[in-house]
Amino acid sequence: MAVLPIRTYPDPILVKPAKSVETFDENLAALIADMTETLTEAKGLGLAAVQVGADLRLLIYRVPEDQGGDGLVHALVNPRIVESEGKIVSENEGCLSVPEFRADVVRAERVCVEGLDGAGQPVSLDACGLTSVVLQHEMDHLEGVLFIDRLSRLKREMYRRRVRKQMKRASE
Ligand code: NI
């Protein structure tokens, strides 16, 4: 297992839809193991494969028990939202690919998700609260959508300007 480097905005892999997983083999298992180690090291709640440079519809998540989850790492492959209801404000949402920036994001309160696990077995989830938010955030990554895309234009531009400045400074 290895900790993988995390791609950050504006890396192009983060802004395009990912490809469906077709093969459940040892390579996929190794990628999930590496992503698990990477997520643990980064102390995150979720990680999509595109964030470590793998163009696949794969995500992992772990929601702590004291925040409504079961504390275990789960892999989800080719997931889709089959039902969603309600609205909540996900306060101070962040992303490992959008460092040093947090903002409130409006999300569905509850989602039902269907997909496959890391071994290719069907999974069906009914999630609310933080688990629902994490799933929506990670599934956005599979569509090339970042949480900054769900903010007002003004807030998004604030972040983009900051990144442009940092990149300019780094290249000087
Ligand atoms: Ni993210």
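**Sheet, metal site and pockets of the predicted model**

Gly46 stands opposite Tyr61 in strand β2. This pair belongs to a predicted model, in which three bridges join β1 to β2 (residues 58-61) and the two strands run antiparallel. Both strands are part of an open sheet of five strands, arranged in the order β1-β2-β3-β6-β7 with antiparallel pairing. Strands β1 (46-48) and β7 stand at the edges of this sheet, and each has a single partner strand, so one side of each is left without a neighbour in the sheet. From one strand to the next, the twist averages 40°.

At the other end of the strand order, β6 (residues 110-116) and β7 (residues 122-128) run antiparallel and are joined by seven bridges. Within this pairing, Gly115 has Val123 of β7 as its bridge partner. The two strands form a hairpin with five residues between them, and Gly120 in the turn adopts a positive phi of about 90°. In the interior of the strand order, β3 (residues 74-85) contains Asn78. The C-alpha atoms of Asn78 and Leu58 are 6.3 Å apart in space, although the two residues are 20 apart in sequence. Asn78 has a relative accessible area of 22% and is therefore classed as partly exposed, the limit for a buried residue being under 20%. As a general point, side chains in a regular strand alternate between the two faces of the sheet.

The model also contains a nickel ion, which is coordinated by Cys95 through SG and by His137 and His141 through NE2, at 2.1 to 2.3 Å. The spacing of these donor residues in sequence is C-x41-H-x3-H. Because Cys95 lies in strand β4 and His141 in helix α2, the pair ties together parts that are 46 residues apart in sequence. Cys95 and His141 are both buried.

Cys95 reappears in the description of the largest pocket, which has a volume of about 430 Å³. This pocket is lined by 24 residues, of which Leu45, Glu93, Gly94, Cys95 and Arg102 are the closest to its centre. The elements that give two or more residues to its lining are β4 (88-95), β5 (98-107) and α2 (129-142). The contribution of β4, at seven residues, is the most that any element gives to the lining of the largest pocket. Classified by residue type, this lining comprises 10 nonpolar, eight polar and six charged residues.

The second largest pocket holds about 150 Å³ of space. Its lining consists of Thr8, Tyr9, Pro99, Glu100, Tyr159, Arg162, Val163, Gln166 and Met167. Two elements, β5 and α3 (153-171), each give two or more residues to this lining. The largest share comes from α3, with five residues. By class, the lining of the second largest pocket has five nonpolar, two polar and two charged residues. Strand β5 is thus named among the contributing elements for the largest pocket as well as for the second largest pocket.

Several backbone features were also identified. Tyr9, a lining residue of the second largest pocket, is joined to Pro10 by a cis peptide bond with an omega of about 5°. Pro10 is located in the segment before α1 (26-42). Glu100, which also lines the second largest pocket, has a positive phi near 60° despite being a residue other than glycine. Glu100 is placed in strand β5. With a relative accessible area of 67%, Glu100 is exposed, the limit for this class being over 50%. A further positive phi in a residue other than glycine occurs at Lys43, where the value is near 55°. Lys43 is found in the loop between α1 and β1. The relative accessible area of Lys43 is 75%, so this residue is likewise exposed.

Definitions and conventions:
Residues numbered from 1 in each chain as written. Predicted model: local features only at pLDDT ≥ 70, side-chain atom pairs only at ≥ 80, totals over all residues. Heavy atoms only, no water. Pairing = 2+ DSSP bridges. Helix = DSSP H or I, 4+ residues; strand = E, 2+ residues; numbered from the N terminus. 1 Å grid on protein atoms, 1.4 Å probe; cavity = no way out; pocket = protein on both sides within 12 Å on 5 of 7 lines; lining within 4 Å. Points joined across faces, edges and corners; volume = space filled by probe spheres on them. Nonpolar A, V, L, I, M, F, W, Y, C, P; charged D, E, K, R; others polar. Donors = N, O, S within 2.8 Å, 3.2 Å for Na, K, Ca; no water. Buried < 20%, exposed > 50% of the residue type's maximum accessible area, 1.4 Å probe, protein only. Axes fitted to C-alpha atoms, helices over the stretch in contact; angles between N-to-C directions.
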